[in-house]
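Welcome! Take a moment with the model shown here, and then let us walk through two of its features together.

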Amino acid sequence: MAELNFPELVQADRVHKSVYTDQQIFDKEMENIFEKVWVYCGHASQIPNPGDYYAVTIGRQPMLMVRAGDGTVHVLHNRCPHRGVQLVGNLKGNTGGAFVCSYHAWSFHLDGKVRAIPLARGYEGTAMNKSNPDCNVKRAARVDSYRGFIFASLVADGPSLLEFLGDARIAFDDMCDRSPVGEVEVVPYCHRMVQQSNWKFFMENQLDALHPSVTHQSTGISAGRVEKRIKEEKGSAPLHYHYLSTFASSFEQWDGVQTINFPRGHGILKAYMGLRPQDPDTLEYEAVLRSAYGEAKTEEYLSRSIHHVLVYPYLSVQSPLQQLRCLRPISPGKTLSEIWHFRLKGAPEAIYRRSLWYFNLVNSPATMINADDLENWTKAQWGLESDGGDWVSFHRNHGDDRVENGVSYSNHGTSEVVMRSQFQAWSKYMQGDAS
Ligand code: FES
Ligand SMILES: [Fe+2]
């Protein structure tokens, strides 16, 4: 494909299969989207002490985030300015007061500035001396954080982090507000899994209310049977059975779950799960929140209609259960996903265990739910790589979309307005508009 014609590839109700399979398009996605927008690096609690670092990939760039002595977080290219060796080989660790390159021992302060070039005598009269900025580790152009969640952008210009997040910032507010002290901390076990499929399948699927009653039917129905039997025997069943049985909700119920589709491709799937049973653990937790925030704020925080929030093009945050999944695309048909989980500071242990159940039952790579989805996306990738057809259909409820202040809605929860909205943002980015 010599010339990329985005209006031709992305039409109002269908997209060309190459947007999921073509290497040239993937490279352009990295250049025009992932290496420009604000990308999630990690949570402040992953690097609490000076010298703590965490390696992270932004687009195609190996980077690292590090806590400096003054508490500031820096995001640096993981590359020595001398001959290019990666400065850290581990995923995480503590580098002490400086980075020391393993090849020839150039060393760098935690903000990336060169600290020492050993055997300086060979450099007299050359351009390489400590005052040359080429001796410093290259930094991300911009670093910012919101409620403890750290982001970086590799370009100096463009919207601020808050502008980029827009209304999707509710993901972080909703997660943190559920703690009586307004903060979360990372649970330091991250599932990392390589999906054998394009990153866009994941983002579309997150707000795809059309698939669960089909894809997850076997899991949902089986869990529902066990839940019913326990209820009959004991009067009530633990909430985690509901996490699974609710996937087998009827088509009508799914069609009633609304999606909100923001500019820049972000979106919200509104709540469909009951998370406020009247058991002693929930009542104790709600009492803790009421004493921290008062009645009105507590109700506001606990009754937000959110199942999860997407930050396009790479993040899915299930704020009511403190889960966050982050995509790091590898190639058109391979995507690394990081599955994180957070603990509400100051909340009772039972509430942590409850969201841990969700982490393990629904989001981990070992669950039936995630496995169901992964199988579909792999088969979708294979199908689109074949000669069996050129187009992917997003016709469902096309013509029914309402757009108010740039936000797209549909009267149907199962509408493919989600994909149409994401591709609008995608097309804009790909044509060079990252505003
Ligand atoms: S490559 Fe790092 S010091 Fe030589
Ligand atoms: Fe699913």
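How are the donor residues of the iron ion (ligand 2) spaced in sequence? They follow the pattern H-x4-H-x156-D. Please keep in mind that this is a predicted model.

**The iron site**

The protein donors of the iron ion (ligand 2) lie 2.1 to 2.4 Å from it, and D373 is listed with two OD entries. H211 and D373 link distant parts of the chain, being 162 residues apart: H211 sits in the loop between α6 (199-206) and α7 (212-215), while D373 belongs to helix α13 (residues 368-385). Both H211 and D373 are buried.

What angles do the 4 donor atoms around the iron ion (ligand 2) subtend? They range from 56 to 143°, so the arrangement is irregular. For comparison, a tetrahedral assignment would need all angles to lie between 85 and 135 degrees.

| Donor residue | Donor atom |
|---|---|
| H211 | NE2 |
| H216 | NE2 |
| D373 | OD |
| D373 | OD |

**The open sheet**

Now for the strands. An open sheet is formed by 4 strands, in the order β5-β4-β3-β6, with antiparallel pairing. At its edges are β5 (73-77) and β6 (92-94), each of which pairs on one side only. On average, neighbouring strands of this sheet are turned by 30° against each other, direction ignored.

Which strand do 3 bridges join to β6? That is β3 (residues 52-58), and the two run antiparallel. Within this pairing, Y54 stands opposite K92 in β6.

Terms used
Residues are numbered from 1 along each chain as its sequence is written. Chains are lettered from A and ligands numbered from 1 in the order in which they are written. This is a predicted model: local features need pLDDT of at least 70, side-chain atom pairs count only at pLDDT 80 or more; totals for chains, interfaces and linings use all residues. Side-chain values use heavy atoms; hydrogens and water are left out. Two strands pair if DSSP finds at least two bridges between them. Axes are lines fitted to C-alpha atoms, for helices over the stretch in contact, and angles run from 0 to 180 degrees between N-to-C directions. Donors are N, O and S atoms within 2.8 Å of the metal (3.2 Å for Na, K and Ca); water is not among the atoms, so sites may look incomplete. Four donors count as tetrahedral if all angles lie between 85 and 135 degrees; four count as square planar and six as octahedral if opposite donors are over 155 degrees apart and all others between 65 and 115; anything else is irregular. Buried means under 20% relative accessible area, exposed over 50%, partly exposed in between (1.4 Å probe, protein chains only).
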